[in-house]
Amino acid sequence: MKDLSIDLQQRREAALYRRRRVVETPCAVEMRVDGRDCLSFCSNDYLGLANHPDLIAALKKGADQWGVGSGSAHLVVGHSAAHHALEEELAAFVGRERVLLFSTGYMANLAITSALAGRSTRLFQDRLNHASLLDAARISGSRLIRYRHGDMADLDKRMQDADAEDACVLSDGVFSMDGDLAPLPEMVRIAAAHQADVMVDDAHAIGVLGATGAGTLEHYGLDDKQVPILMATLGKAFGVAGAFVAGSEALIETLIQQARSYIYTTAMPAAMAEATRVSLRKVQQDQWRREQLAELVAYFRQGAAQRGLSLMTSMTPIQPLLLGSSERALAWSDALLDQGILVPAIRPPTVAEGQARLRLTFSASHQMTQVERLLDALEKISLAEGAA
């Protein structure tokens, strides 16, 4: 094996080295991290449910009833009545015939392509899709064709050039690093013109977008015929853990029979499924959380514009501040931490070279005064940089 320490040192010198922070408190807007109190603007707990007392109580009650481990895969003896009830409730929520639970969104995306795509399949993907979608396409052995970000003319051209009989367009609903929405209505139209299916990864939109929080498809008014394959995660706006794929009876049965990342893994704890059922009710009933979140985002964007801070275009809780170099992104992140605000730098390979940034994320649990504190801190750094 080669000397791994050389590669690690090169990462440090290129300002690309990553390290884990040790969190000493529950997920919240105010946390204790690496021994210091911080105001956090970096989690995906968009609705502020990760530490909600009702979810905690449901998890405890679920553990009393089901224990702490499922003991096996869903197809052995790991599929509890709690899992089954959650699948039915999620299916009703997103308006699909059936839902299938997974332990992570990564595994769910692997399941979709491994079960449905083959070597003759052409998978068309946005260049900024999540890594799990790209990895899933490569593992499936299908031909991966990437189009320019959000560019439907480029997608159309590539689909014409590929002349594929077996094709599918796969896209994030909300892009995790840019925070913008995929142009799904136009994507659906183009895919239909080429007799291709559409699959949407709604990890960062479920719970947040749409009148009831059902995500980008509800936001755009698209149905299960236009987008037959939907994947969404539960570890972000839902505040718990896991993921699901939603679709037709035939789709879900096919995944159960053929998806290796479903068949050969232990089911999530049933207690977590019980907590998720409570979370789902919160998502549906607490419309004020989405309203509060939208107000916070609008307030931040207005304040940033007034202070001369140039944000990327996004209407979602993901608000990227593009800084260019990894060194500059790290410097801004460190300067924020000096002021008690936690926003880690996002650097290559998560984003492209020259696209390092601060990925600022908001939660319904944030207060306007905390957003104001963030804006003042960013302005202070910007002014200090300009004076240097």
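Modeller: Before we start, a helix here is a DSSP run of H or I with at least four residues, a strand is a run of E with at least two, and both are numbered from the N terminus. Keep in mind that this is a predicted model.

Colleague: Which element gives the most to the lining of the largest pocket?
Modeller: Three elements each supply at least two residues of that lining: β1, β12 (345–346) and α14 (326–338). With four residues, the top giver is α14.

Colleague: How many residues in the lining of the largest pocket are nonpolar?
Modeller: The pocket holds about 810 Å³ of space, so let's look at its walls. There are 26 lining residues, and Arg19, Arg21, Pro344, Ala345 and Ile346 are the closest to the centre. Set aside four polar and seven charged residues, and the nonpolar ones number 15.

Colleague: And how many polar residues are in the lining of the second largest pocket?
Modeller: That pocket has a volume of about 650 Å³. Its lining has 31 residues, with Asn129, His130, Ser176, Met177 and Thr350 closest to the centre. Alongside 13 nonpolar and seven charged residues, the polar count is 11.

Colleague: Back to β1: which strands stand at the edges of its sheet?
Modeller: The sheet is open, with three strands in the order β1-β2-β11 and mixed pairing. An edge strand has a single partner, so one side of it is left without a neighbour in the sheet. That fits β1 (30–33) and β11 (341–342).

Colleague: What is the bridge partner of Arg32 in β2?
Modeller: β1 and β2 (residues 36–40) run antiparallel and pair over four bridges. For Arg32, the partner in β2 is Asp37.

Methods: Residues are numbered from 1 along each chain as its sequence is written. This is a predicted model: local features need pLDDT of at least 70, side-chain atom pairs count only at pLDDT 80 or more; totals for chains, interfaces and linings use all residues. Side-chain values use heavy atoms; hydrogens and water are left out. Two strands pair if DSSP finds at least two bridges between them. On a 1 Å grid over the protein atoms alone, a cavity is a set of points where a 1.4 Å probe fits but cannot get out, and a pocket is an open set with protein on both sides within 12 Å along at least five of seven lines; lining residues have an atom within 4 Å of a point. Grid points are joined across faces, edges and corners, and a volume is the space filled by probe spheres set on the points. Ala, Val, Leu, Ile, Met, Phe, Trp, Tyr, Cys and Pro count as nonpolar, Asp, Glu, Lys and Arg as charged, and the others, Gly among them, as polar.
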